[in-house]
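The exercises below ask you to read folds, strand pairings and burial from coordinates. Work through each task with the structure open before turning to its solution.

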Amino acid sequence: MTRRTARATAARVLRQLARDRRTLVMLIAVPSVLLVLVRFAFDARPAVFQRTGLPLIGVFPLVSMFLVASISMLRERRSGTLERLMALPATKPGLLLGYAGGFAVVAGVQAVVTLSVGMGLLGLDVAGPFWLAVVIAIANALLGMAMGLALSAFAATEFQAIQFMPAFVLPQFLLCGLIADRADMARPLEIVSNVLPLTYAYDALRAVADQPGVGSGVLVDLAVSMAMAALSLAAGAATLRRRTP
Amino acid sequence: MAGDAGSTGAVAGAAIAVSIRSVSVVRGRRTVLRDVDLELPAGRIVGIIGPSGCGKSTLVRSIVGVQARVSGNIDVLGAEAGVASRRGDVGYVTQAPSVYDDISIRQNLTYFGRLLGVGDPEVERVIDAVRLSEFADRRVQDLSGGQRARVSLAIALLGGPPLLVLDEPTVGLDPVLRQELWGQFADLAASGVTLLVSSHVMDEATRCDWLVLLRDGTVLAHGAPSDLLARTGTETVEDAFLALVAERGSP
C-alpha cells in the first residue's frame, strides 16, 4: 500500500509541476543564472568562484525544494485534498516518499543543468566525480523538502510558509561555512553550526570540489545530512494527522 | 430503537449501514456533538439536515473517520469508523471540492484511482457518470464551481464504494445541476448504494428517504420524512423542524 501510494503521489507531484511551466523553468534555470552572477561578480577574483561555486550549486536544490514542498503541503491541508487522502487507503509514509521521489527527480535535473553550466561554461573546477556532486545535490533537495514539509504544519498561510525560508534556511546558509569559515566564528555559533544539517551538506560539497575520488569524509557528511533529513521527514510524518480537530 | 425519543418508526426491514452509539465530539472547548444515537438504513438517501454550525460536518467527518476527539462508538458497514482496511469502501466528498486545481480532471481521477487500485476504465466510467467526459483534459482551475463539485463527486465514486458520504454537495450549484445531482443520488441508491448527504437547505430534505434533523449538536429527530411530518402534524420539513424545536424548548 505504501509503495502504491508513493508511486502514484510521485507521478502526481511531477504532473503538477509539469503543468506549471513557469515554476518548472524557474526551478531549472534560476540557479544557473545566479551562478553566472557569482562568476562575474567576482570576475577579478576567480578563486572566490572556485571556492563557492560547487557549494552554491548544491544548496540551490535545498532552498527551492524547501519552498515548493512547504507550499505544496500547505495547499494539501487547506484545499481539503489531504483530508480526502486521509479518508482513502493512502499511507502517510507513502505520501511523504512520493513527495520525496517526485522532488528528487526535479532536483536531479536542476543539479545536472546547473553543474553543466558551472563546469562547462563557467570553468568551475570540480576534483571529485560529477555523479557524486549530483547525488549530494539531490540529498540536499530531500533535506530541504523534509524541512519544508515539517515546517508547513506550523504555517497557517502562504505568507507564513514563505517566511520560514529566511527564518530556518538563511541562518543555516550563513553558518554552514560558505560565508565565513566556521573556525573563525564566535564559539557559540560554531557549536550551533555543528548541529545544523546544511553544515554537513556544505562540507560534503567542499570535499567533492577539492578531492578526487570518493573520500570517506564525504560519505560521513552525506550520511549525517541524510540522517537529519530522515529526522525532519519523521517530524513531517508526525504532523500528518489522519484525524483532525 | 427502544428508549430513543427522537425516532419516529424503526428502520423498517432495511439493513443498517451506519450505527452511532452515544457519540460526542469536542472541538477546542466546545462540545460540537452531544450524545448522538443513530441508526442509518442501508441503500437509502439519508439526509443530515440542520442549520450551519449545528454539527453536520463534524458528524460526517466522524463517520468517515477523520474527526479527532470522538467519544462513543461509530460502526460503519460492520466495522469501526475509519479503520484502515475499510477506507476504500467509503466515498467521501468534503464540503469544498478537494481536488488538485493545477492538473486536469482525468489526472486527478487517475491519481485517486491509483491510490484505490482501480484502473483507467473505472476512471473513464466515473468521468462519464458525472458527465464531464468532454472536459476531461481541462485543468480543474479552469472549470466552473459546479463542474468542480462534480469532479469531487467523481473521485468519491471511484471503485463503486457501497457508502457515499457527501458534505453539502449541492451548495452554490444552479438549480438544474442540483436537480441532476439528486437524480444521480437516487439512481445510486436504487443500485444499492447508501448515501449520507448533509445539507442546510430544508427543501432538499424532501428528496431523502430518511432524515436526521440536527440542531446545536443534538439530534432533534430522525426517521422517514412522512413519519416526521405526521408526528409533528406539519406539511414541510421546515415546519417540522420548528415544531420539534418548540417541543423541545417547552419543558
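**Exercise 1.** Determine how strand S2 of chain B pairs with strand S5 of chain B, and place this pairing in its sheet.

*Solution.* Strand S2 (residues 16-27) and strand S5 (residues 70-76) of chain B run antiparallel and are joined by six bridges, where strands are DSSP runs of E of at least two residues and helices are runs of H or I of at least four, both numbered from the N terminus, and where two strands pair if DSSP finds at least two bridges between them. One point of register is B:Ser24, which stands opposite B:Ser71 in S5(B). The pairing belongs to an open sheet of four strands with antiparallel pairing, in the order S3-S2-S5-S6 of chain B. The edges of this sheet are strand S3 (30-41) and strand S6 (79-80), each of which pairs on one side only.

Before going further, note that this is a predicted model, in which local features need pLDDT of at least 70 and side-chain atom pairs count only at pLDDT 80 or more, whereas totals for chains, interfaces and linings use all residues. Residues are numbered from 1 along each chain as its sequence is written, and chains are lettered from A and ligands numbered from 1 in the order in which they are written.

**Exercise 2.** Find the residues in and after S2(B) and S5(B) that have a positive phi without being glycine, and state for each whether it is buried or exposed.

*Solution.* B:Ser22, which is not a glycine, has a positive phi of about 40 degrees, and its place is in strand S2 of chain B. B:Ser22 counts as exposed because it has 11 C-beta neighbours inside 10 Å; the rule is that a residue is buried if 20 or more other C-beta atoms lie within 10 Å of its own, exposed if 12 or fewer, and partly exposed in between, with C-beta atoms placed from the backbone. B:Leu77, also not a glycine, has a positive phi of about 50 degrees and lies in the loop between S5 and S6 of chain B. With 18 other C-beta atoms within 10 Å, B:Leu77 is partly exposed.

**Exercise 3.** Describe how helix H1 of chain B is placed on the sheet and how far it is covered.

*Solution.* H1(B) lies across S2, S3 and S5 of chain B and runs at about 120 degrees to S2(B); such angles run from 0 to 180 degrees between N-to-C directions, and the axes are lines fitted to C-alpha atoms, for helices over the stretch in contact. Contact here requires that the C-beta atoms of two residues, placed from the backbone, lie within 7 Å. Helix H1 (residues 56-64) is mostly covered, since eight of its nine residues are buried, among them B:Lys56 and B:Arg61. Just after the helix, B:Gly65 takes a positive phi of about 95 degrees.

**Exercise 4.** Work out which strands flank strand S4 of chain B and how its residues are oriented.

*Solution.* S4(B) pairs in the parallel sense with strand S9 (residues 194-199) of chain B over five bridges, and B:Ile45 stands opposite B:Leu195 there. Four bridges join S4(B) to strand S10 (residues 210-215), again in parallel, with B:Gly47 opposite B:Leu211. In a regular strand the side chains alternate between the two faces of the sheet. Here B:Ile45, B:Gly47 and B:Ile49 point one way, B:Val46 and B:Ile48 the other way, and all are buried. Strand S4 (residues 45-49) is therefore largely enclosed by the rest of the structure, five of its five residues being buried.

**Exercise 5.** Characterise the architecture of chain A and the surroundings of A:Gly53.

*Solution.* Chain A has 10 helices and zero strands, and its C-alpha trace spans about 60 × 40 × 35 Å along its principal axes. Buried residues make up 47% of its 245 residues. A:Gly53 is in helix H3 (residues 46-79) and counts as buried because it has 26 C-beta neighbours inside 10 Å. Leaving aside neighbours within four places in sequence, A:Gly53 is in contact with A:Leu35, A:Gly118 and A:Leu124.
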